[in-house]
Amino acid sequence: MIARQILIHEDAQATAHAIAARLITTIADALAARGVAHVVVTGGSLGIAALEAVAANPAKTSVNWSQVHFWWGDERFVASDSADRNVRQAAALFDALDDLGLDRATVHAMGASDQYETAEQAAAAYARELAEEAEEGALNPAFDVLMLGMGPDSHVASLFPNHTRSDEPGVIAVHDSPKPPADRVTLSMGTINTAKEVWLLVAGAEKAPALAAAQHEVNEVAVPASAVHGTEATRWIIDRAAATLL
Ligand SMILES: O=C1O[C@H](COP(=O)(O)O)[C@@H](O)[C@H](O)[C@H]1O
């Protein structure tokens with residue numbers, strides 16, 4: 001049975017710190033069990049705040065970061081020096097982990113528009129990178145935890161309502177995104193749902209309607225956030241303001 005949990009914290013800052021503490025523990029547990037950890041991180045306001053909270057957390061020194069692989073759930077297909085890039089926004093975390101053994105080769109950024117001509121090419125390259133770290137026969141490594149932000153329209157990663165369909169496992173290009181920038185690369189729903197634990201990180205009153213809709217019924221097309229789950233656990237880690245309509 002998949003554990004399903006809603007964890008409510010006082011505000012966005014408290015939520016970010018709670019996510020950071022849980023992430024450090026989850027990574028430490030994965031390393032103890034298997035010697036390697038695969039973590040999918042996310043952009044977005046709370047996603048980046050949570051990564052900054054990991055950087056500020058003294059417990060980060062208890063992790064052997066050299067054995068941790070960081071992946072992305074989605075990325076904006078813009079130039080690599082653009083402030084819109086999720087991986088750039090997460091720089092504070094990776095800088096903080098450099099002195100703690102982080103191997104930059106295990107920070108798996110999705111391709112940018114100055115590296116690939118099309119988002120399709122960047123998506124195909126990322127699929128190959130995932131396959132290189134996968135066990136034989138699998139398309140991607142077993143993700144210990146996969147974090148997702150959620151937009152007020154209920155999008156997760158770059159899977160927008162009534163827009164991109166993605167039942168098959170894989171990495172896909174997205175065009176005409178309702179939220180700029182228009183061109184993106186994202187893990188498909190099929191790949192997201194292979195993760196052991198999926199955490200949905202949600203803060204703010206403007207997200208309360210989408211959060212309530214996602215709890216109401218599963219509808220991958222109209223409410224993408226409703227359809228994501230882990231194979232072992234699905235945790236909604238949210239603040240009070242986002243929880244008001246539950
Ligand atoms: O565009 C995106 O938005 C979502 C949510 O962002 P937020 O600022 O409303 O929290 C994010 O999770 C996703 O990775 C990103 O590309």
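In this predicted model, the loop between β6 (171-174) and β7 (184-187) contains P181. A cis peptide bond links P180 to P181, with omega at about -5 degrees. This is worth a pause, because most peptide bonds are trans and most residues other than glycine have a negative phi.

The loop between β5 and β6 holds residues that depart from the usual phi sign. One of them is S154, which lies in this loop and has a positive phi of about 80 degrees although it is not a glycine. N162 is also found in the loop between β5 and β6, and its phi, near 50 degrees, is positive too in a residue other than glycine. Their surroundings can be read from neighbour counts. S154 has 22 C-beta neighbours inside 10 Å, so it counts as buried, where the cut-off is 20 or more. N162 has 11 such neighbours inside 10 Å and therefore counts as exposed, the limit here being 12 or fewer.

Turning to the ligand, 14 residues surround it, and G43, G44, S45, G149 and G151 come nearest. Helix α2 (45-56) and strand β5 (145-149) each contribute at least two residues to this shell. The largest share, 3 residues, comes from α2. Sorted by class, the shell consists of 9 polar, 3 nonpolar and 2 charged residues.

Helix α1 spans residues 12-34, 23 residues in all, and its first and last C-alpha atoms are 32 Å apart, close to the 33 Å expected at 1.5 Å a residue. The buried residues of this helix are A12, T15, A16, I19, A20, L23, I27 and A30. Just after α1 comes G35, with a positive phi near 85 degrees.

Stepping back to the whole chain, the protein has 7 helices and 9 strands. Its radius of gyration is 17 Å, close to the 18 Å given by the globule rule for 246 residues, so the protein is as compact as a globular protein of that length. Along the principal axes, the C-alpha atoms fill a box of roughly 45 × 40 × 35 Å. Of the 246 residues, 42% count as buried. Among contacts between residues at least 6 apart in sequence, 78% join residues at least 24 apart.

Finally, an unreviewed UniProt entry lists residues 10-236 as "domain: Glucosamine/galactosamine-6-phosphate isomerase". Over residues 10-236 the chain is 33% helix and 16% strand, and the end C-alpha atoms lie 14 Å apart.

Definitions and conventions. Residues numbered from 1 in each chain as written. Predicted model: local features only at pLDDT ≥ 70, side-chain atom pairs only at ≥ 80, totals over all residues. Near = placed C-beta within 6 Å. Helix = DSSP H or I, 4+ residues; strand = E, 2+ residues; numbered from the N terminus. Nonpolar A, V, L, I, M, F, W, Y, C, P; charged D, E, K, R; others polar. UniProt positions renumbered as here; feature names shortened; annotations may be inferred. Expected span 1.5 Å × (residues − 1). Rg over C-alpha atoms; globule rule 2.2 N^0.38 Å. Contact = placed C-beta atoms within 7 Å.
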